[in-house]
Structures are given as structure tokens and as C-alpha cells.
Amino acid sequence: MSDAALTNSLETWFKANARDLPWRLDHRIPYCALVSEFMLQQTQVARVLEKYQPFLDRFPTVEALAQAHEDEVLAAWAGLGYYRRARMLHACAQAIVEHHDGTVPDSAQSLQNLPGIGRYTAGAIASLVFGQREPIVDGNITRVLLRVHNKPEPQTDNHTIKWSWRRAGELVKSATNPAIFNEAMMELGATICTPKNIQCPQCPIRSHCQSFEAGTTESIPLPKPRAKQKPMYCASIVSIQNRSVLVEQRPVSGMWASMYQVPTIERDDRQPTPEEITTDLSVDADTIKPTGTFTHITTHRIVEFAVYRADSIEMGPNQAYRTLDSLDQIALSNAQRKVLAVAGLIEPL
Ligand code: ADE
């Protein structure tokens, strides 16, 4: 069956079935699309839904974002994870102001020259906002394409990704409207052609789908060989004075770069010993109380946290007490929110 018949069925379906997502109402506004596409790069739609509008309220224009202090941007990003993206979005806004007079460029090529914008985000903004016939490929779209063509491959193989870009490029050429076609592919991957609980009976392109015909949809793509997450051990000290908690900022590079935390020490191979905690964090050994433990999992790490309370701690040069009410104004990682929740200071996530 022809590409035009496939793209036509998919576009018709999307027009009738698209989820009502706020950036879809806004996504003709280039700055809003920039923010939503950065947020959606590695974060689930449900989480982005909580953070998108507050972020735009705080930074309503490219200029407002460009002029903001990085700490404020990180604070508004808190909870979305992958904080490097927040720094990149900030740098991107600054580059748009500096090199494009504050106007988001409309070609995939110039978009890709901006910080934090790769081929996917460039294609998404060029097509969704500016109607350019540019393909987009992400994990969802690769999975759809592999299934349509009954190709049992891991979706992370380089040659598979290359093939997906070629195929998505051919399809977007056949589309009636590239913006609708591209977003329809994302939507199909997110709601019907999902990794598990696939909804083939509802699929608008099942008559074009070779894996549906062969009965192999569920086994495509092949599982990807996964790098093992490395362990990490953290001891965090929660110290309270006058309804304020002691915090410090992390180094500008590495994990949780520039984010805030309560005084924490970390090891790669084992929990820090009580002696290390008392020495490294200048805390009085007699006042330190174990409060709880939890495991925090990120893409690359399995982090075992041990949380302590200690009200007699010597304040270091880059540490400060912040009131509990003002904690939502600083960039705290989800791991540190869990630390504060274990200490009973905030609601669990
Ligand atoms: N993921 C990435 N971009 C998206 C969009 N515009 N709509 C829904 N999910 C997305």
C-alpha cells in the first residue's frame, strides 16, 4: 500500500483523536514549542503537564528566559530531571536573542545550530510550528516504523535509527500536512502503538502494518542490550534551625550539576562511615540521628540514600539556611525532595 494512503489514514485519525495537550493549543507560538519540546525530550507527558504552564508564567518570552539567572531556571525545572536540558534551554534562549533578534528560527538547519537542539527537536519545531516538511524520529516513532515494516531490531541500533530517519523523511514527503503527520506519529506511538498493551484494534494504520499481518507486533522492537546502572551511596544530613534547613549547591558539572541539596557526602563503593560523615560534614557525632533510608534510581545510577538529622552542624562557606517555605524557589532534585520527605519536612513526591 502506498505511503500516501498510510499518511492520509494517520492524519485523519489524529484530527479526530488528538489528546488535548496545552502545547498543542500554543505550539504555533514558537517560544512555547521550544519550551515544550525541551521538556518532552526525556520526560513523560504527565510530568511535563505539571511544569509547562508554571514555567511559561515565570518566563513568558524568549527575552525573559534569556535574562533570567540560571538558578531561577533550574528551580522552575525542578522535578523534570535531566537538568542539563534546563541549562541548554537557557543558553538556547540567549543564543536566539543574541543571534536571531529574539525570533526562533524556522529552518531545521538553523535550529540545529542552537544549544540543546538536536535533529529531533529541530525537526519538531520546524514542522510543528513552521509547517516545514522535516521528519522527526524519537523512540516512539522508531517503534512504530519497525512494526509497520515488521523489522525485529533493537530500536537503539545505529543503522535502525538511520533507517528510521530515511523512512520518516519519505513519509513526511507524502503527508498532506507535515505538522499533523509528525504529531500523529508521536501520538500513535504514545497512545496506541505503545511498548506494552498495544491497542492494534484501534490502530488507524493496521491495514498497512506488516507486523500486525504477521502477528509479531508484540515482539518488536527487540529489547536493547542495557548498560548496567552503577551503584552510588549518599549520606544526607538534615539540619533545622528556626524552620529553616541547611542547604548547599552542588558543583557546576557532574550529576545533579548546580542543584541544591542538604549537606551530603557520596561514595561509589559503600555507604560513608559515621566517622566520614561527622568529619566531612563538620557535624557533632553525638547529635546525629539516623532517620531513614531509600533507593533512588536514575538512568545511570542506583543511589542508596541514608538520611540523618543533626541539629548541631558547623555551617560551611557555601552553605546557608533556607526557610522551608522558600524551598520551592531553589532547584532541588527529586532525590533531595525524597530526603526532605524522609525527614518529615515536605510531603512525599
Ligand atoms: N513528545 C515530544 N513532542 C511532543 C508533542 N509535541 N506532543 C506530544 N508528545 C511529544
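**Note on the ligand shell and Lys-289**

1. The shell around the ligand is made up of 6 nonpolar residues, no polar ones and 3 charged ones, where Ala, Val, Leu, Ile, Met, Phe, Trp, Tyr, Cys and Pro count as nonpolar, Asp, Glu, Lys and Arg as charged, and the others, Gly among them, as polar. This is a predicted model, in which local features need pLDDT of at least 70 and side-chain atom pairs count only at pLDDT 80 or more, while totals for chains, interfaces and linings use all residues. Residues are numbered from 1 along each chain as its sequence is written, and side-chain values use heavy atoms, with hydrogens and water left out.

2. The residues around the ligand, meaning those with a heavy atom within 4 Å of it, are Leu-21, Trp-23, Arg-24, Glu-37, Leu-40, Tyr-120, Leu-128, Glu-183 and Met-186. At least two residues of this shell come from each of helix H2 (22-26), helix H3 (30-40), helix H9 (119-128) and helix H12 (178-191), helices being DSSP runs of at least four residues and strands of at least two.

3. A nitrogen atom of the ligand lies 2.8 Å from a side-chain N or O atom of Glu-37, and a polar side-chain atom of Glu-183 is 2.9 Å from a ligand nitrogen. For Arg-24, the corresponding distance from a side-chain N or O atom to a nitrogen of the ligand is 3.4 Å.

4. Lys-289 belongs to strand E6 (residues 289-297) and counts as exposed because its relative accessibility is 52%, the cut-offs being under 20% for buried, over 50% for exposed and partly exposed in between, with a 1.4 Å probe and protein chains only.

Definitions and conventions. A polar contact is a pair of N or O atoms within 3.5 Å; within protein, one must be able to donate a hydrogen and the other to accept it, and residues adjacent in sequence count only if both atoms are side-chain atoms.
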